[in-house]
Amino acid sequence: MSGHISGLDARMVLDSRGQPTVEVDCFVDGILLGRAIVPSGASTGAYEALELRDGEQARYGGKGVSQAVNNVKEQLAEALVGLPVDEQRMIDEVMLELDGTPNKSNLGANAMLGASMACLHAGAAVHELPLWKYVGGVAGGLMPVPMLNILNGGAHAASNVDVQEFMVMPHGFDTFEEGLRAGVETYHALKTELKNDGLLGGIGDEGGFAPNLPTNEDGLKYMVRAIEGAGYSTDEIGIALDVASTEFHDGEHYQMEGKKLTSDDLVEMYGGWLDTYPILSIEDGFSEDDWRGWSAFTKAYGHRVQTVGDDLFVTQSERLAQGIELGAANAMLVKLNQVGTVSETLEAMDLASSHGMNNVVSHRSGESEDVTIADFAVGTRAGQIKTGAPARSDRVAKYNQLLRIAEDVREYRSPFA
């Protein structure tokens with residue numbers, strides 16, 4: 001097999017919210033060797049690469065992706081056919097040049113990422129390697145500590161809770177399997193606690209429970225109750241938050257629990273939470289444009305807690321470089337579809353780790369059965385993965401893939417040791 005791309009195909013498939021998304025097939029010497037489905041976010045940062053939607057209200061409420069699908073079948077296929085499938089950077093650079101816009105608004109980040117990931121899978125297949133090993137090369141893999149989003153709020157749930165994600169982080173265990181088991185048992189313990197209090201309602205987009213609570217702090221109290229209810233200590237399992245504060249920032253103030261808060265108020269509030277609860281990580285504690293708030297918080301508490309930029313950095317090297325200069329955060333959330341190609345994602349991750357920052361590989365709220373990020377997290381040795389509650393097959397598929405990989409990769413260690 002010569003290992004050259006002989007064709008690309010694409011189609012519309014559905015994501016976990018029942019919205020259209022793009023699936024891409026990569027053919028090498030006429031054989032289908034790579035397939036990938038593109039995820040989609042609900043709370044998206046303003047600086048993310050553009051997800052191309054048709055906008056035709058009569059079809060899928062304007063969320064159709066036929067334009068993006070056609071861009072893969074026609075423009076991208078024509079540009080990539082004949083290229084060596086294992087030259088990922090070359091493949092991505094050809095697409096970037098063809099698109100020619102700063103935010104991928106010409107071809108669409110969903111079209112480009114589908115092609116980029118499908119080629120990555122095909123490259124691994126040509127070399128007869130599991131994807132994690134193809135991505136990681138000689139460095140070998142590292143099993144990530146999972147962040148399980150077991151209590152959902154914000155844009156992911158129809159509840160009155162502002163904080164978007166309350167996650168458990170089983171970091172005090174010797175193996176991935178033990179850590180995952182502890183997280184799963186805590187999820188079930190939370191269900192029991194909520195049921196006992198008459199608060200068991202629906203679940204959010206990422207499989208976590210979505211109760212109405214008097215305050216955001218009550219979410220933290222339930223997390224501790226769940227950890228202890230499952231028979232674990234808060235030394236073994238910590239809490240990670242995704243506040244997604246851009247969602248309730250009006251440009252001037254943060255509208256939280258019916259109050260108007262400043263950045264300084266938030267710094268003080270998070271500081272109080274850190275003193276009271278076993279919080280290991282806070283993502284998007286401030287809005288995507290509140291550089292001052294970010295820097296103030298990281299300066300005050302960055303030695304005690306992981307401060308993760310998601311909307312702030314959108315997995316893009318340019319935004320990240322600005323954050324490094326300002327000391328805005330000590331970790332970057334990694335979402336392939338925020339930037340739109342595999343190579344640019346790896347570049348941003350390298351920039352983060354070379355400046356002593358952590359990388360946290362993440363799913364989106366609109367997911368699928370595609371498990372690329374599980375292999376990606378292991379191969380890049382990111383050390384942490386966010387991929388939802390252990391409920392709904394779009395989330396569980398990633399955990400199951402990690403369990404398979406863990407049979408070959410034993411290295412697992414806490415980033416908070």
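This section describes sheets, buried positions, cavities and pockets in a predicted model.

An open sheet of three strands is ordered β1-β2-β3, and its pairing is antiparallel. β1 (5-14) and β3 (31-37) are the edge strands. Each has a single partner strand, so one side of each lacks a neighbour in the sheet. From one strand to the next, the twist averages 20°. Six bridges link β2 (residues 20-28) with β3 in the antiparallel sense. Within this pairing, Asp25 is placed opposite Arg35 in β3. Helix α1 (residues 66-80) packs on the sheet and touches β1 and β2. The direction of α1 makes about 170° with that of β1. Helix α3 also meets these strands: α3 lies across β1, β2 and β3. Its direction runs at about 135° to β3.

A second set of pairings centres on strand β6 (residues 237-242). Six of the six residues of β6 are buried, so the strand is largely enclosed by the rest of the structure. In a regular strand, side chains alternate between the two faces of the sheet. Both faces of β6 are covered. Ile237, Ile239 and Leu241 are buried on one side. Gly238, Ala240 and Asp242 are buried on the other. Strands of a sheet pair through backbone hydrogen bonds, in either the parallel or the antiparallel sense. Strand β5 (residues 165-170) runs antiparallel to β6, and six bridges join the two. Val168 has Ile239 in β6 as its bridge partner. Strand β9 (residues 279-283) pairs with β6 in the parallel sense, over four bridges. Here the bridge partner of Leu241 is Ile282 in β9.

Thr186 makes contact with residues of both β5 and β6. The residue lies in helix α5 (residues 176-196). Thr186 counts as buried because its relative accessibility is 0%, against a cut-off of under 20%. Neighbours within four places in sequence are left aside in the contacts that follow. Thr186 is in contact with Val168 and Ile237, among others. The remaining contacts of Thr186 are Ile150, Ala226, Ile227, Ala230 and Tyr232.

Gly379 is a further buried position, found in helix α12. Its relative accessible area is 4%, so Gly379 is buried. Beyond neighbours within four places in sequence, Gly379 is in contact with Trp132, Val135, Gly136 and Gly140. Gly379 and Met256 are 123 residues apart in sequence. Their C-alpha atoms are 39 Å apart in space.

Enclosed space was examined next. The structure holds two cavities of 30 Å³ or more. The largest cavity contains about 120 Å³ of space. Its lining is made up of 18 residues. Pro39, Met117, Leu336, Glu367 and Ile373 lie nearest the centre of this cavity. Three elements give two or more residues to the lining: α3 (109-126), α10 (336-339) and α12 (372-379). Helix α3, which lies across the three-stranded sheet, is thus one of the contributors to this lining. By class, the lining of the largest cavity has eight nonpolar, five polar and five charged residues.

Open pockets were also mapped. The largest pocket has a volume of about 440 Å³. It is lined by 22 residues, and Pro102, Gln316, Glu318, Val339 and Glu344 are the closest to its centre. At least two lining residues come from each of α2 (88-99), α9 (317-326) and α11 (342-354). The lining of the largest pocket divides into five nonpolar, eight polar and nine charged residues.

The second largest pocket holds about 320 Å³ of space. Its lining comprises 17 residues. Asn359, Thr380, Arg381, Ala382 and Gly383 are the closest to the pocket centre. Helix α11 and strand β12 (358-362) each supply at least two residues of this lining. The largest share, four residues, comes from α11. Helix α11 also supplies at least two residues to the lining of the largest pocket. The lining of the second largest pocket has seven nonpolar, seven polar and three charged residues.

Note on methods
Residues are numbered from 1 along each chain as its sequence is written. This is a predicted model: local features need pLDDT of at least 70, side-chain atom pairs count only at pLDDT 80 or more; totals for chains, interfaces and linings use all residues. Side-chain values use heavy atoms; hydrogens and water are left out. Buried means under 20% relative accessible area, exposed over 50%, partly exposed in between (1.4 Å probe, protein chains only). Contact means heavy atoms within 4.5 Å. On a 1 Å grid over the protein atoms alone, a cavity is a set of points where a 1.4 Å probe fits but cannot get out, and a pocket is an open set with protein on both sides within 12 Å along at least five of seven lines; lining residues have an atom within 4 Å of a point. Grid points are joined across faces, edges and corners, and a volume is the space filled by probe spheres set on the points. Ala, Val, Leu, Ile, Met, Phe, Trp, Tyr, Cys and Pro count as nonpolar, Asp, Glu, Lys and Arg as charged, and the others, Gly among them, as polar. Two strands pair if DSSP finds at least two bridges between them. Axes are lines fitted to C-alpha atoms, for helices over the stretch in contact, and angles run from 0 to 180 degrees between N-to-C directions.
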